[in-house]
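Here are a few short exercises to work through with the structure open beside you. Try each task on your own before reading its solution.

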Amino acid sequence: MDVQPVVIASDNTFAHAYASVAEMLSERDLGAKGGLEFFDRSGRRLAPVLSPTWEVAGLAPTLDEPDPKLLTGRLAAVVQHVGDHIRRHPEVIARSGLSVEEALAALPRIGAGTLAEDLAQLPGATADGEFGLMDSGGWFHNAMHAAGWAH
């Protein structure tokens, strides 16, 4: 079974959930995004496996115990960062048809339930909790890119 990684910027400015490691590795510019940390859906840290040319070639579970509270806290920090960015840069959501207040009210509520419920709120999650490609047309996904990474 393939890991469904959650990638978080080391500074909590962005998070991205992937359906598989292969999907994550298909990102053309993954290494250009700066400091990244990797987790599985249980909250276990994953270590990058590097190729001979120092590119991420895969992920391996660490010996650390899963820490769902840590991952939940990191996801909450990302959502807080996106909300702060929207307040400072309302143009980020202008094309969505939402007001700043509506966008802020629609941000994911991280920490109210289980880690699986928190992860299911991320763009790209399907109703059964599996991850697909994050919708590049979605306002929250685009706001995360504007607040953190840019494609």
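**Exercise 1. Find which residues of H2 meet which residues of H5 in this predicted model, and describe how the two helices pack.**

Solution.
- Step 1: start on the H2 side, where Val78, Val79, His81, Val82, His85 and Ile86 make the contacts.
- Step 2: cross over to H5, where their partners are Trp139, Phe140, Ala143, Met144, Ala146 and Ala147.
- Step 3: choose the description. Two packed helices are described by the angle between their axes and by the distance between those axes.
- Step 4: fill in the values. The axes of H2 and H5 lie 9 Å apart, and the packing angle is about 85°.
- Step 5: classify the angle. Angles of 65 to 115 degrees count as roughly perpendicular, and H2 and H5 are therefore roughly perpendicular to each other.

**Exercise 2. List the buried residues of helix H5 and name elements that cover them.**

Solution.
- Step 1: recall the cut-off, since buried means under 20% relative accessible area.
- Step 2: go through H5, residues 139-147; its buried residues are Phe140, His141, Ala143, Met144, His145 and Ala147.
- Step 3: look at what lies over these residues. The cover includes strand E2 (15-17) as well as H2.

**Exercise 3. Work out how Glu37, Arg45 and Arg74 are linked, and sort them into buried and partly exposed.**

Solution.
- Step 1: take Glu37 with Arg45. Their side chains form a salt bridge, with 2.8 Å from N to O.
- Step 2: take Glu37 with Arg74. These side chains also form a salt bridge, here with 3.0 Å from N to O. This pair links distant parts of the chain, as Arg74 sits in helix H2 (residues 68-88) and Glu37 in strand E3 (residues 36-39), 37 residues apart.
- Step 3: put the pairs together, and Glu37, Arg45 and Arg74 make up a network of salt bridges.
- Step 4: check accessibility. Glu37 counts as buried because its relative accessibility is 18%, and Arg74 is buried too, with 9%. Arg45, at 28%, counts as partly exposed.

**Exercise 4. Explain how Asp84 and Arg87 are placed along helix H2, and say what joins them.**

Solution.
- Step 1: the two residues are three apart in H2, so about one helical turn separates Asp84 from Arg87.
- Step 2: a salt bridge joins Asp84 and Arg87, and their closest N and O atoms are 3.0 Å apart.
- Step 3: Asp84 is partly exposed, with 28% relative accessible area, and Arg87 is likewise partly exposed, at 48%.
- Step 4: for the tally, the model has three salt bridges.

**Exercise 5. Locate a nonpolar patch on the surface and place Leu50 within the fold.**

Solution.
- Step 1: the patch consists of Leu25, Leu50, Trp54 and Val56, which together have about 400 Å² of accessible area.
- Step 2: Leu50 belongs to strand E4, residues 45-50, and counts as partly exposed because its relative accessibility is 40%.

**Exercise 6. Set these details in the whole chain: how many helices and strands are there, and in what order do they run?**

Solution.
- Step 1: count five helices and five strands.
- Step 2: read from the N terminus, which gives β-β-α-β-β-β-α-α-α-α.
- Step 3: add the burial, as 43% of the 151 residues are buried.
- Step 4: finish with the surface. The chain exposes about 7900 Å², of which carbon and sulfur atoms supply 55%.

Key: Residues numbered from 1 in each chain as written. Predicted model: local features only at pLDDT ≥ 70, side-chain atom pairs only at ≥ 80, totals over all residues. Heavy atoms only, no water. Salt bridge = Lys/Arg side-chain N within 4 Å of Asp/Glu carboxyl O. Buried < 20%, exposed > 50% of the residue type's maximum accessible area, 1.4 Å probe, protein only. Helix = DSSP H or I, 4+ residues; strand = E, 2+ residues; numbered from the N terminus. Patch = residues over 30% accessible without salt bridge, like charges linked within 9 Å, V, L, I, M, F, W, Y side chains within 5 Å. Areas by Shrake-Rupley, 256 points an atom, 1.4 Å probe, with all protein chains shown as cover. Contact = heavy atoms within 4.5 Å. Axes fitted to C-alpha atoms, helices over the stretch in contact; angles between N-to-C directions. Parallel < 35°, antiparallel > 145°, perpendicular 65-115°, else oblique.
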